[in-house]
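Trainee: I want to test the labels on this structure against their definitions. Can we go through them one by one?

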Amino acid sequence: MSQMQSVEKQLREMILGLEIGPGERLTERWIESRFGASRTPVRAALLRLETEGLICRDGRGWTVSPINLAELEQIAVYREAVEVAAVRLTCTLSDKSVIDDIEAMLDSCDADTPREEWHRVGMDFHIELARLSGNDFLFRAVRDAMTRLSRARWLEVRDEAALGRAWTEHHAILAAVRAGNADAAARLLSAHIIGSRDRLVTSLHNDRRGLRARGFAVIAA
């Protein structure tokens with residue numbers, strides 16, 4: 001792994017894990033010192049993260065991109081288009097036994113499972129379902145969209161009832177895929193994405209004051 005790739009990977013993990021919060025300023029000098037890297041690979045890594053929407057320019061420096069509620073709305077529209085296209089392809093699989101792995105992944109979460117694992121499995125459900133479509137472009141599109149949503153989903157105020165509802169919807173989608181019913185799978189997935197968007201945006205909007213108190217920037221446009 002090159003120095004640029006190492007810096008990019010570690011910074012991405014810190015941003016997605018909220019170790020560096022939305023709206024927090026970054027300086028090239030701090031990054032160079034933190035990772036023992038020289039200026040050129042640091043700048044290259046920052047440019048890569050900028051294309052992912054995780055950071056943005058702030059004068060001569062950089063800022064971790066704030067959570068943008070309007071962007072979350074747009075991502076949901078994008079997700080609905082690509083994920084529904086992917087799940088229709090997945091429904092055509094002749095060997096439905098591969099669905100068992102995704103179902104087992106969901107069933108691995110219980111009352112004792114850490115929140116971090118629930119968060120990861122919830123993301124991986126969508127990514128793995130798209131991967132089974134066999135279309136690399138749709139798979140990468142879903143993976144990238146879920147990455148962009150990661151920070152916002154982690155900040156969402158979620159209770160056990162909300163998690164249970166999401167898992168029930170996941171299982172219903174898998175049942176439709178297993179049955180090869182593309183129309184039902186598409187309908188259920190579309191409703192799940194839109195419902196998740198509405199709950200996420202509402203949660204973050206209502207908690208904006210609390211998030212600001214924690215130093216996290218959330219904007220509405």
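Trainee: Why does Q10 count as partly exposed?

Mentor: First, the ground rules. This is a predicted model, where local features need pLDDT of at least 70, side-chain atom pairs count only at pLDDT 80 or more, and totals for chains, interfaces and linings use all residues. Residues are numbered from 1 along each chain as its sequence is written, and side-chain values use heavy atoms, with hydrogens and water left out. Now the label. Buried means under 20% relative accessible area, exposed means over 50%, and partly exposed is in between (1.4 Å probe, protein chains only). Q10 has 31% relative accessibility, so Q10 counts as partly exposed.

Trainee: Where does Q10 sit?

Mentor: Q10 is in helix α1. Helices (H or I, at least four residues) and strands (E, at least two) are DSSP runs, numbered from the N terminus. The C-alpha atoms of Q10 and F35 are 8.6 Å apart, with their positions 25 residues apart along the chain.

Trainee: How do you know that the span of α1 is close to the expected one?

Mentor: The expected span is 1.5 Å times one less than the number of residues. α1 has 14 residues, and 20 Å is expected. From its first C-alpha to its last, α1 reaches 20 Å.

Trainee: Which residues of α1 are buried, and what covers them?

Mentor: M4, V7, E8, L11, R12, M14, I15 and L16 are buried. Their cover includes α2, α3, β2, β3 and α7.

Trainee: What makes L18 stand out in its phi?

Mentor: Its phi is near 65°, a positive value in a residue other than glycine. L18 comes just after α1, in the loop between α1 and β1 (25-26).

Trainee: Is L18 buried or exposed?

Mentor: Its relative accessible area is 11%, so L18 is buried.

Trainee: What is the span of α3, and what is expected?

Mentor: α3 (residues 39-51) has 13 residues and reaches 19 Å from first C-alpha to last. The expected value is 18 Å, and the span is close to that.

Trainee: Why are the buried residues of α3 said to be on the same side?

Mentor: The residues in question are P41, V42, A45, L46 and L49. They cover an arc of only 140° around the axis, so they are on the same side of α3. The arc is that of the directions from the helix axis to the C-beta atoms.

Trainee: What do these buried residues pack against, and which exposed residues does the face turned away carry?

Mentor: They pack against α1 (3-16), α2 (28-35), β2 (55-58) and β3 (61-64). The face turned away carries T40 and T51. Just after α3, G53 takes a positive phi of about 80°.

Trainee: Why is S190 called buried?

Mentor: S190 has a relative accessible area of 16%, so S190 is buried. This residue is in helix α9 (residues 182-206).

Trainee: Which residues is S190 in contact with?

Mentor: Contact means heavy atoms within 4.5 Å. Leaving aside neighbours within four places in sequence, S190 is in contact with E80 and V84.

Trainee: Which residues is R25 in contact with?

Mentor: With the same neighbours left aside, within four places in sequence, R25 is in contact with D58, W62 and T63. R25 is in strand β1. The C-alpha atoms of R25 and V64 are separated by 6.3 Å.

Trainee: Why are D100 and D144 partly exposed?

Mentor: D100 has 36% relative accessibility, so D100 counts as partly exposed. D144 has a relative accessible area of 41%, so D144 is partly exposed too. D100 is in helix α5 (residues 99-107), and D144 is in helix α7.

Trainee: What makes an open space a pocket?

Mentor: On a 1 Å grid over the protein atoms alone, a pocket is an open set of points where a 1.4 Å probe fits, with protein on both sides within 12 Å along at least five of seven lines. Lining residues have an atom within 4 Å of a point.

Trainee: What is the volume of the second largest pocket, and which residues line it?

Mentor: The volume is about 280 Å³. The lining residues are L16, G17, H119, R120, M123, D124, I127, T147, S150 and W154. α6 (115-131) and α7 (136-155) are the elements that give two or more residues. α6 gives the most, with five.

Definitions and conventions. Points joined across faces, edges and corners; volume = space filled by probe spheres on them.
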